[in-house]
Amino acid sequence: MSLRRRIGIITAVSVVLVIVCCGGATAAFFLGGLSPNPTNQAAAALGCGGKTVDVNAQLPTINSLGDKQIHNAAIIISVGQQMGVPPRGWVIAIATALQESALTNLPNLGAANDHDSLGLFQQRPSAGWGTPEQVMDPAYASRKFYEHLLAVPGWQTMALTDAAQRVQRSAYPDAYAKHEPLATTVVNALTNGAARAVGNLVVARCVDPGEISASGWTVPVKGPIVSGFRTHDRPTHQGVDIAASKGTVIHAAAAGVVTVVRCQAHLADGTNWGCDRDGGVFVLGCGWYVEILHAGNIITRYCHQLRQPDVVVGQRVAAGQPIGVVGDTGNSSGPHCHFEVHLGGDNSSSGAVDPIPFMNQQGAPLGDKA
Amino acid sequence: MRTVLRLLGTRYGAAVALLVLIALVVGVGKLVGGSRPDQAPLGSGTVIDSPSPNPSRLGDDGVGEPPSPPPPSTSPGATDPSTVAMDFTQKWLHHDGVTADQWLAALRPYATKALQDRLSGVDPLTVPASKVAGAATATDRSQSYVDVVIPLDSGALTLGLTSTDGRWLVDSVDWQRP
């Protein structure tokens, strides 16, 4: 063997070894700066789906759900994957089954039931859903649910409970909403985070600002976070400050009902300052702000809006719907959106949680360059 | 050394040398340039400083302790939200021997247009309860938005009511098993 040939072989083997052992790290080092979107790295770290559910595999434990409930959930998601339904559909299906049957394949309840609803989705043979044997088959019942869901125009962008109601036609059209958080947890646990993927795409991908995740959440304002939640310098800062230029549209982070639209801007001595002009560091309060009550008793708050917000109290909003624009009213030293997340329906400071990990978990990471 | 130099003269040697050169230039550039702070993965929870605006000089620029919601306001002569909720519930429960149209027609006077739309096409046979089993509990969310929970024989009904000009209507219906 000639020397040249021997060197050629050694070079080839080395190149293969480098690619095999550290190709990813090498590529990441050289290509790192080319990443188009740094924000969805956070969601990517948590996973954005891409896992095909195997109903016969060992399934994870999820909150207080029993093995049979989790197995039924796996069947529902698996059927959705086989039919090419995007992940928002799986979350809607799981939430619907949580309401109708608590993910249990319910038989006829006899005298306690005055109609013929059966199975995971409480489908009625007399209403044309199939034979009693068919609707008691979880895979058949799931397929029928998805067939009806896919036939609803615009189901991908509706509030979860509205999409579910269009299929179920129940006497309690808003009952599905409260199951959205648990349905999100179930889908994430069984699919490596598919509820954090773009809701209406079949091919799993993390969410960019302007897109809605399968869990039903979206980034309210795109812009860098210039101040964090309860920092050392600002221990009473109950949200994050997202910098954006005046007039940038603020979007509802998820579907819900508007519960507060208000101007809060006064001086230390109580003198009203008003929201028809910019505030300042000497002005106290949230300026023009909006609060939205979401499924699962989650509340979001959006402060310092430029002018009277575009929504009114009692109005239902969809995820991503414009609610107002970024401004500088109230206690503000430059245009930004002060964004808060509260749990347990508690809009006081004790209900506030750090919006950054919360939004990462929903697949709608805050941040990004303005 | 001479072997190496001779190899550089060959095609393969030149190719390898060029690759090494490119890697060196890009690699040194990345290392010297470092990572600028504005390239931090913001979504991962990193908080950065920005020259302008800089609200971090502020204390709490939020609401502070939010004021309690103003009490729900009902126009003189109009029915209060709990009574509207209970009237709606009685009509909602009355589902035996009525057609879908009759059931919905009975609910209309107490329901917003949006709720009427969401209840259209509902078979009243699917109402999962038959009687009220306790007193209504109201939670005021704002001056024009109230939640009312009504215990039923087979679970609990939660109604969301909104008011327009002081007149209350049911806007959402949630049902929960015990």
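Student: In this predicted model, are Cys48(A) and Cys206(A) buried or exposed?
Tutor: The model is a predicted one, and in it Cys48(A) and Cys206(A) form a disulfide, with their sulfur atoms 2.0 Å apart. A residue counts as buried when its relative accessible area is under 20%. Both Cys48(A) and Cys206(A) are buried.

Student: How many residues apart in sequence are the parts that Cys48(A) and Cys206(A) tie together?
Tutor: Cys48(A) and Cys206(A) are joined as a disulfide. Cys48(A) lies in the loop between helix 2 (40-46) and helix 3 (67-82) of chain A, while Cys206(A) lies in the loop between helix 8 (180-191) and strand 1 (225-227) of chain A, so the parts that the pair ties together are apart in sequence by 158 residues.

Student: What is the handedness of the disulfide of Cys263(A) and Cys275(A)?
Tutor: The sulfur atoms of Cys263(A) and Cys275(A) are 2.1 Å apart, and the two residues form a disulfide. The torsion about their S-S bond is about 90°, so this disulfide is right-handed.

Student: Which burial class does Cys263(A) fall into?
Tutor: Buried means under 20% relative accessible area and exposed means over 50%, with partly exposed in between. Because the relative accessibility of Cys263(A) is 29%, this residue counts as partly exposed.

Student: Where does Cys303(A), which pairs with Cys286(A), lie in chain A?
Tutor: Cys286(A) and Cys303(A) form a disulfide, and their sulfur atoms are 1.7 Å apart. This pair links distant parts of the chain, 17 residues apart, with Cys286(A) in strand 5 of chain A and Cys303(A) in strand 6 (residues 298-305) of chain A.

Student: What pattern do the disulfides of chain A follow?
Tutor: The count comes to three disulfides over all chains. With bonded cysteines counted along the chain, the disulfides of chain A follow the pattern 1-2, 3-4, 5-6.

Student: Why is Cys337(A) in no disulfide, given where the nearest cysteine sulfur is?
Tutor: A disulfide needs a pair of cysteine sulfur atoms within 2.5 Å. Cys337(A) is in no disulfide because the nearest cysteine sulfur, that of Cys303(A), lies away from it by 7.2 Å.

Student: In what order do the four strands of the open sheet in chain B stand?
Tutor: Chain B has five helices and four strands, and read along the sequence it follows the pattern α-α-α-α-α-β-β-β-β. The four strands form an open sheet with antiparallel pairing, and their order is 1-2-3-4.

Student: Which are the edge strands of chain B?
Tutor: The open sheet of chain B is made of four strands. An edge strand here pairs on one side only, and this holds for strand 1 (137-142) and strand 4 (167-176) of chain B.

Student: Which residue in strand 4 of chain B stands opposite Thr162(B)?
Tutor: Strand 3 (residues 155-164) and strand 4 of chain B run antiparallel and are joined by nine bridges. Opposite Thr162(B), in strand 4 of chain B, stands Leu169(B).

Student: At about what angle does helix 3 of chain B run to strand 2 of chain B?
Tutor: From one strand of the sheet to the next, the twist averages 25°. Helix 3 (residues 81-93) of chain B lies across strand 1, strand 2 (145-152), strand 3 and strand 4 of chain B, and its angle to strand 2 of chain B is about 45°.

Definitions and conventions. Residues numbered from 1 in each chain as written. Chains lettered and ligands numbered in written order. Predicted model: local features only at pLDDT ≥ 70, side-chain atom pairs only at ≥ 80, totals over all residues. Heavy atoms only, no water. Helix = DSSP H or I, 4+ residues; strand = E, 2+ residues; numbered from the N terminus. Buried < 20%, exposed > 50% of the residue type's maximum accessible area, 1.4 Å probe, protein only. Pairing = 2+ DSSP bridges. Axes fitted to C-alpha atoms, helices over the stretch in contact; angles between N-to-C directions. Contact = heavy atoms within 4.5 Å.
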